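Biologist: Hello! Could you walk me through this protein, one small question at a time?

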Amino acid sequence: MSSLFGLSHNATLMFWTLLTIVFLIVLISKYKWNPFVTLLISALLLGLLTGMKPADVITSITGGLGGTLGTIAIVIALGTMLGKMMAESGGAEQIANTLVDRFGEKRVHWAMMIVGFIVGIPVFFEVGVILLIPIVFTVARKTKMPLLQIGIPILAGLSTVHGLVPPHPAPMIAIDAYQADLGRTILYSFIIGIPAAIIAGPVFGKFIGKRIQTEPPAELAEQFSNKADRKLPGFGITLFTILLPVILMLIGSIADIIDPEATSSFTLFCEFIGHEVIALLIAAVFSFFSLGFARGFNKHEISRFTSECLAPIATIVLIIGAGGAFKQVLINSGVGTAIAEIATGANLNVILFAWLVAALIRIATGSATVAMTTAAGIVAPVLAMTPGANVELVVLATGAGSIVLSHVNDAGFWMVKEFFNMTVPQTLKSWTVMETILSVIGLVLALTLNVII
């Protein structure tokens, strides 16, 4: 690729990336183009503008789309079935009722943050959203609260855990790269994560919920509403059913920490049932019994529920896949590397440096895990040359940077947009701002802890 206007190679890459993202936002928000088609065109455009060979661009797009949907498509399908069983049996309503009764209507959004935090510990962000979306819709309907006032706290809880709290894969990558102490990292992650989640969740959620009025997508709201006037299932069995994938994934994570080499067959078994696909498959099948047959549904009704719930999620799955294609072109075109080089040139405090590198890669590639992985590789040598640095806080600063400013190249952005039935500008004002609040507060608290400890 030739340099543009005499700019350096890296600056030229950044220019084309920015131009493509503006093109993408304008086509979707102003001209109402289909996001799936627009994301594919933008990925193609970016690849060609940055000098990739046409054949390589196509390979990146198909590889990125396939790679993103490889697990996510299965997870979304199984999670939606689990959500559908919770809705049809009245389980989502039971959880909503119990939370409203315990916390009171005025404070139910605090309960939502706690639910997001707990459910998010062993599951990927996308899995958590799929599991909890029926509860969000049900609580919003029951309390007549704005949808975002209920939804943002859950998203904040899930996102905090995704970026900061081991045994999530992203923090574990950095712990391994920096040789940090796992126990101390977990302790600090709670000290930093809980206040960050409170401000970005219930506090910001209440603020933005009044300003952005949105209704759940009609098809999903219909799907996740309890139509029959039937007796609700018990709170205990409903909670166990929704937490079953969480419990299984947690078992897998603990087994991996205790026996990282997987020397015993028991560890291998725990890791197998703890894989998100297997855990959700077990939970979905369990829900057919606990919330299906046990509630008086017959085999034909359960078959109908599990078939009809898949149609509304087809668009969401395709948009997430196209977001993955765009992300892959960003990575393969060298934009991620260019950003890392620009950041390395600056002479900064190692905690701030780690946050900045992760943040820039996250903004460019749209993936928290890619940002964490790439940043860990860049920061580790710098950290090795910084004696006396608090390694655990550098892990958390990297994690905080990896969740900043989620926008159009992030699959999570499209997922939240579609599930909460928002426009692109509304998603930027709510979800993107929430992620950025989480990230910046995480950084500030890491720097503050560094002074105290």
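Modeller: Gladly! Let us start with a term we will need: a residue is buried under 20% relative accessible area, exposed over 50%, and partly exposed in between. Please keep in mind that this is a predicted model.

Biologist: Thanks! Is lysine 210 buried or exposed?

Modeller: Lysine 210 sits in helix 9, which covers residues 182–211. Its relative accessible area is 54%. The cut-off for the top class is over 50%, so lysine 210 is exposed.

Biologist: Which residues gather with Lys210 in a patch of positive charge?

Modeller: This patch is on the surface. Lys210 belongs to helix 9, and its partners in the patch of positive charge are Lys106, Lys206 and Arg211.

Biologist: There is a nonpolar patch on the surface too; which element gives the most residues to it?

Modeller: The nonpolar patch is formed by Leu18, Val22, Phe23, Val26, Tyr31, Trp33, Val37, Ile41 and Leu45, with about 770 Å² of accessible area together. Two elements give two or more residues to it: helix 1 (9–29) and helix 2 (35–49). The top contributor, with 4 residues, is helix 1.

Biologist: What is the relative accessible area of leucine 18?

Modeller: Leucine 18 is part of helix 1 and one of the residues in the nonpolar patch. It counts as exposed, because its relative accessible area is 59%.

Biologist: Now helix 20: how many of its residues are buried?

Modeller: Helix 20 runs over residues 411–419. Its buried residues include Phe413, Trp414 and Phe419, and charged names such as Lys417 and Glu418 appear among them as well. The helix is mostly covered, and the count of buried residues is 9 of 9.

Biologist: What do the side chains of glutamate 418 and lysine 417 meet in?

Modeller: Both residues are under the 20% cut-off for buried: glutamate 418 has a relative accessible area of 18%, and lysine 417 has 11%. Their side chains come to 3.1 Å, N to O, and what they meet in is a salt bridge.

Biologist: Which residue has a side-chain oxygen that reaches the backbone nitrogen of glycine 412 at the start of helix 20?

Modeller: Glycine 412 is itself one of the buried residues of helix 20. The side-chain oxygen comes to within 3.1 Å of that backbone nitrogen, and it belongs to aspartate 410.

Biologist: And just after helix 20, what phi does asparagine 421 take?

Modeller: Asparagine 421 lies in the loop between helix 20 and helix 21 (424–452). It is partly exposed, with a relative accessible area of 41%. Although asparagine 421 is not a glycine, its phi is positive, at about 55 degrees.

Biologist: Where is glutamine 179, which also has a positive phi?

Modeller: Glutamine 179 has a phi of about 55 degrees and is not a glycine. It counts as exposed, at 67% relative accessibility. Its place is the loop between helix 8 (169–178) and helix 9.

Biologist: Before helix 20 there is serine 402; which residue's backbone oxygen lies 2.7 Å from a polar atom of its side chain?

Modeller: Serine 402 is found in the loop between helix 19 (391–401) and helix 20. It counts as buried because its relative accessibility is 1%. The backbone oxygen 2.7 Å from a polar atom of its side chain comes from glycine 399.

Biologist: How many residues apart in sequence are the parts that glutamate 308 and lysine 84 tie together?

Modeller: The side chains of glutamate 308 and lysine 84 meet in a salt bridge of 3.1 Å, N to O. Glutamate 308 lies in helix 14 and lysine 84 in helix 3 (residues 54–89), so the parts they tie together are apart in sequence by 224 residues.

Biologist: What separates arginine 304 and glutamate 308 in helix 14?

Modeller: These two side chains also meet in a salt bridge, at 3.6 Å, N to O. Arginine 304 is partly exposed at 43% relative accessibility, and glutamate 308 is partly exposed at 34%. Because they are 4 residues apart in helix 14, what separates them is about one helical turn.

Terms used:
Residues numbered from 1 in each chain as written. Predicted model: local features only at pLDDT ≥ 70, side-chain atom pairs only at ≥ 80, totals over all residues. Heavy atoms only, no water. Patch = residues over 30% accessible without salt bridge, like charges linked within 9 Å, V, L, I, M, F, W, Y side chains within 5 Å. Areas by Shrake-Rupley, 256 points an atom, 1.4 Å probe, with all protein chains shown as cover. Salt bridge = Lys/Arg side-chain N within 4 Å of Asp/Glu carboxyl O. Lys, Arg positive; Asp, Glu negative; His and termini not counted. Charge placed at Lys NZ, Arg CZ, Asp CG, Glu CD. Buried < 20%, exposed > 50% of the residue type's maximum accessible area, 1.4 Å probe, protein only. Polar contact = N/O pair within 3.5 Å; in protein donor to acceptor, adjacent residues only side chain to side chain.
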